[in-house]
Amino acid sequence: MATTSFSTQLFSHQNHISLPTGAVTTRHGTLIFFSSKFKHSTAFAISSGGRSPGSGGSGGGDNGGGGGNGEEEERDRNREEVMVALAEAGRSLESFPTDLAAAVRAGRVPGSIVRRFFQLEESAVLRWLLMFGGFRERLLADELFVAKLLIECVVVVFTKVAAELERRKERFTKELDFVVANVVTGIITGFVLVWFPAPTISLKPPLAVSAGPIAKLFYGCPDNAFQVALPGTSYTLLQRIGAIVRNGAKLFVVGTSASLVGISMTNALISVQKAVNKSFAAEAENLPLVSISVAYGVYMVVISNLRYQVLAGIIEQRILEPLLHRNKLLLTSAYFTVRTANTYWGSLLWVDFARGVGVQKIKD
């Protein structure tokens, strides 16, 4: 396989009394800037080092992405864009987190993402969240990720209760034990249903050379099967399908565990009520812990997984964001609307699913 090697590029910003301009020199030429922001002489370097395209050493779509020379050209452009952004901000790669700096050197991060990083750092809360790896990848891909997380966690309680009331109607009070279990479980899973399928910027370290084919496949998978690939990154159809499989496995574990916690709490409450109120013992019975928990895990894999992948990767990233990106307030309101509707719909689907597989029976 042919090896492509890039020599270290020196990017310099120069100010001169007779020529108050900034210059960034790249392999494609010299870019001249006339800007008052250039106040200090700076010099920094980016080197992609020697690597083989498609070796899987830089994540994203390297593993079978099929980018070839076109992908390498995009990565060269990414490096140039980043250098322009660094020069404008008077920053260097040394001020970046290690994983982000490595992704920049690999050419996987365009200048727009670096500028977003600078914007996010202006908020004390977001600057603190950027210190954590999981939040960093998601915030760089979507600056409103925290807003989506808060929206989901707040509306899940109201939509869960409303959906349970709609489905159970006059049996709502008789099946209150089911309702409590579902709401508690929904609160726990609401967080992960936003977290796992959220589009991300790949900042993963290089994969070990000894890694097997399955590890290489899942290493190159996006976090969302439908997310937009950044310049310099590509995903094959198999990798996008792999994203659904990988997230499904995670959601099964989390969904089953969350259901175990929620139902255990509900059964404990029922036992306390039976001990205090003898008449309550004839009306309520402990919920089947294992069968409902496993059923909820399967529900998360089959229904919630795809639903949230489509919501985050298609409806939000590919439709709402391009239409409303200039108005953040309107965009956030649109996110709130679609996520509220999605959560409510999911609550209805769970009641029907649980009854359909026989783990929750209609009480007379």
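# Helix α6 and its neighbours

Colleague: How far apart are the end C-alpha atoms of α6?
Modeller: Start with the expected span, which is 1.5 Å times one less than the number of residues. Helices here are DSSP runs of H or I with at least four residues, strands are runs of E with at least two, and both are numbered from the N terminus. The 24 residues of α6 should therefore span 34 Å, and the distance between its end C-alpha atoms agrees: 33 Å.

Colleague: What pLDDT do local features need in this model?
Modeller: Residues are numbered from 1 along each chain as its sequence is written, and side-chain values use heavy atoms, with hydrogens and water left out. The model is predicted: totals for chains, interfaces and linings use all residues, side-chain atom pairs count only at pLDDT 80 or more, and local features need pLDDT of at least 70.

Colleague: At which residue does α6 bend?
Modeller: A bend is the angle between two fitted axes, one for the seven residues ending at a position and one for the seven starting there. In α6 that angle is about 35°, and the residue is Val156.

Colleague: What covers the buried residues of α6?
Modeller: Buried means under 20% relative accessible area, exposed means over 50%, and partly exposed lies in between (1.4 Å probe, protein chains only). The buried residues of α6 include Phe145, Leu149, Ile151, Val155 and Val156. Residues three or four places apart in an α-helix point the same way, because each turn takes 3.6 residues. The cover includes α5, α7 (176-195), α10 and α11.

Colleague: Which residue follows α6 with a positive phi?
Modeller: The helix runs over residues 145-168. Its follower has a phi near 50°, and that residue is Lys169.

Colleague: How many salt bridges does the whole structure hold?
Modeller: Side chains of opposite charge can pair when their charged atoms come close. A salt bridge needs a side-chain nitrogen of Lys or Arg within 4 Å of a carboxyl oxygen of Asp or Glu. A search of the whole structure gives a total of 13.

Colleague: Which residue meets Glu143 in a salt bridge?
Modeller: The N to O distance is 2.8 Å, and the partner of Glu143 is Lys328. The two lie 185 residues apart: Glu143 is in the loop between α5 (133-141) and α6, and its partner is in helix α11 (residues 328-356). Glu143 counts as partly exposed because its relative accessibility is 25%. At 35%, partly exposed also applies to the partner, Lys328.

Colleague: Are Glu316 and Lys148 buried or exposed?
Modeller: These two form a salt bridge, with their closest N and O atoms 2.9 Å apart. They link helix α10 (residues 289-324), home of Glu316, to helix α6, home of Lys148, across 168 residues. Both Glu316 and Lys148 are buried.

Colleague: Which residues share one salt-bridge network with Arg339?
Modeller: Arg339 pairs with Glu152 at 3.2 Å, N to O. Glu152 sits in helix α6 and Arg339 in helix α11, so the pair ties together parts 187 residues apart in sequence. Glu152 and Arg339 are both buried. Through shared partners, Arg339 is joined in one network with Asp142, Lys148, Glu152 and Glu316.

Colleague: By how much does α10 bend at Glu316?
Modeller: A straight helix of 36 residues would span 52 Å at 1.5 Å a residue, yet α10 spans only 44 Å between its end C-alpha atoms. At Glu316, the bend is about 40°.

Colleague: What is the handedness of the crossing where α7 passes α9?
Modeller: Axes are lines fitted to C-alpha atoms, over the stretch in contact for helices, and angles run from 0 to 180 degrees between N-to-C directions. The axes of α7 and helix α9 (residues 237-276) come within 8 Å and cross at roughly 145°. A crossing is left-handed if the near helix is turned anticlockwise from the far one by less than a right angle, and right-handed if clockwise. Here α7 passes α9 in a crossing that is right-handed.

Colleague: Which residues does Phe226 contact, beyond its neighbours within four places in sequence?
Modeller: Phe226 lies in the loop between α8 (213-219) and α9. It is partly exposed, because its relative accessibility is 24%. Contact means heavy atoms within 4.5 Å. By that test, Phe226 meets Arg240, Gln309, Val310, Gly313, Ile314, Gln317 and Arg318.

Colleague: What share of the 364 residues counts as buried?
Modeller: The chain has 11 helices and 6 strands. Of its 364 residues, the buried share is 48%.
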